[in-house]
Every structure is written in C-alpha cells, then in structure tokens.
Amino acid sequence: MLDIQIRDTPTRDQIVALQEAMFPIQCAQPDPTHFFAPGMYLRELTVPAGMLIVGKTHKHDHFLLVLKGRAEVISEFGRDTVEAGHISISKAGVKRIVLALEDTKFVTVHLNKADSQDLEVIEKEHIEP
C-alpha cells in the first residue's frame with residue numbers, strides 16, 4: 001500500500017512506488033507533438049484535467065513552459081502549482097508527479113546536438129533508463 005498523501009512531499013522511493021503501482025492501471029496517454037530546429041528539440045504535451053502522470057527523469061537541465069492551463073508539480077524537492085505563462089529550468093535528475101488541475105499544455109525545450117529527428121536517439125540522449 002502506498003502512503004503518499006496529497007499534502008506530503010514524497011520521497012524519490014515513494015514517487016517510484018507510485019509509478020510502479022500505476023503500471024497495471026494505465027489509461028491512454030496523451031500523444032506529444034514534436035518540433036525540430038537545427039540543434040534543438042521541442043516537445044509539446046497536453047495533459048487533460050484530472051490526469052496524474054509520473055514523469056521520466058531527464059539527464060540534462062532543460063526549459064519547461066506552460067502554455068495553457070494549471071497543474072500541480074510534485075517532487076522530492078517540494079511542490080509548485082504552475083499555470084499558463086510559467087517558464088522555468090527543469091533540473092536534471094528530478095522525478096516528478098504532475099496532476100493536471102485544468103487541461104494543461106506543457107512544452108519542454110532540449111538541445112539536440114546530433115540534430116536527429118529519431119525519437120529513440122533523442123530519448124536515449126536525454127532520458128535516464
């Protein structure tokens with residue numbers, strides 16, 4: 001049984017336990033839209049209101065923008081409510097829980113040194129296994 005309560009700041013182990021508990025009950029995931037520019041990769045994802053997601057762990061710092069909506073972002077380092085107009089640097093190595101409070105459009109911006117449009121190559125470069 002998971003002991004994460006919405007008011008708590010979870011540990012990394014609790015976040016991973018939540019993710020593992022969610023595997024058997026996964027619902028359809030929103031499809032990201034991918035954009036490429038020389039040396040850059042941008043990923044846009046709209047998360048429907050009420051959806052809870054445990055994000056992947058990134059290897060590198062990158063930009064995070066919220067274009068629409070509002071969401072609660074929780075990690076072992078704390079929690080923030082982000083909304084349209086939010087821009088921040090998402091630090092490498094952080095695992096996050098995201099609860100969309102409204103339909104929320106997120107954009108992440110990454111370096112793409114190989115200038116690849118192969119998503120497997122990009123994920124291998126940016127995402128922890």
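The following exchange examines the sheet, the helix packing and the nonpolar cores of a predicted model.

Mentor: In this predicted model local features need pLDDT of at least 70 and side-chain atom pairs count only at pLDDT 80 or more, while totals for chains, interfaces and linings use all residues. Residues are numbered from 1 along each chain as its sequence is written, and side-chain values use heavy atoms, with hydrogens and water left out.

Trainee: In what order do the four strands of the open sheet lie?

Mentor: Helices (H or I, at least four residues) and strands (E, at least two) are DSSP runs numbered from the N terminus, and two strands pair if DSSP finds at least two bridges between them. Strand 3 (52-54) and strand 6 (78-83) each pair on one side only, as edge strands. The pairing is antiparallel, and the order is 3-8-5-6.

Trainee: Which residue of strand 6 stands opposite Ala71?

Mentor: Strand 5 (residues 70-75) pairs with strand 6 in the antiparallel sense over six bridges. Opposite Ala71 in strand 6 stands Val82.

Trainee: At about what angle does helix 1 run to strand 3?

Mentor: Axes are lines fitted to C-alpha atoms, for helices over the stretch in contact (heavy atoms within 4.5 Å), and angles run from 0 to 180 degrees between N-to-C directions. Helix 1 (residues 12-22) lies across strand 3, strand 5 and strand 8 (97-100). Its angle to strand 3 is about 115°.

Trainee: Why do the buried residues of helix 1 line one face of the helix?

Mentor: Gln14, Ile15 and Leu18 are buried in helix 1, where buried means under 20% relative accessible area, exposed over 50% and partly exposed in between (1.4 Å probe, protein chains only). The buried residues of helix 1 pack against strand 3, strand 5 and strand 8. They line one face because, seen down the axis of helix 1, they fall within an arc, taken from the directions from the helix axis to the C-beta atoms, of 100°.

Trainee: Which residue of strand 9 is the bridge partner of Leu45?

Mentor: Strand 2 (40-47) is one of the elements that give two or more residues to the largest nonpolar core, a core being a set of buried Ala, Val, Leu, Ile, Met, Phe, Trp, Tyr and Cys residues joined through side-chain atoms within 4.5 Å. That core has twelve residues in all, including Leu45 and Phe106. Strand 2 pairs with strand 9 (residues 104-111) in the antiparallel sense over eight bridges. In strand 9, the bridge partner of Leu45 is Phe106.
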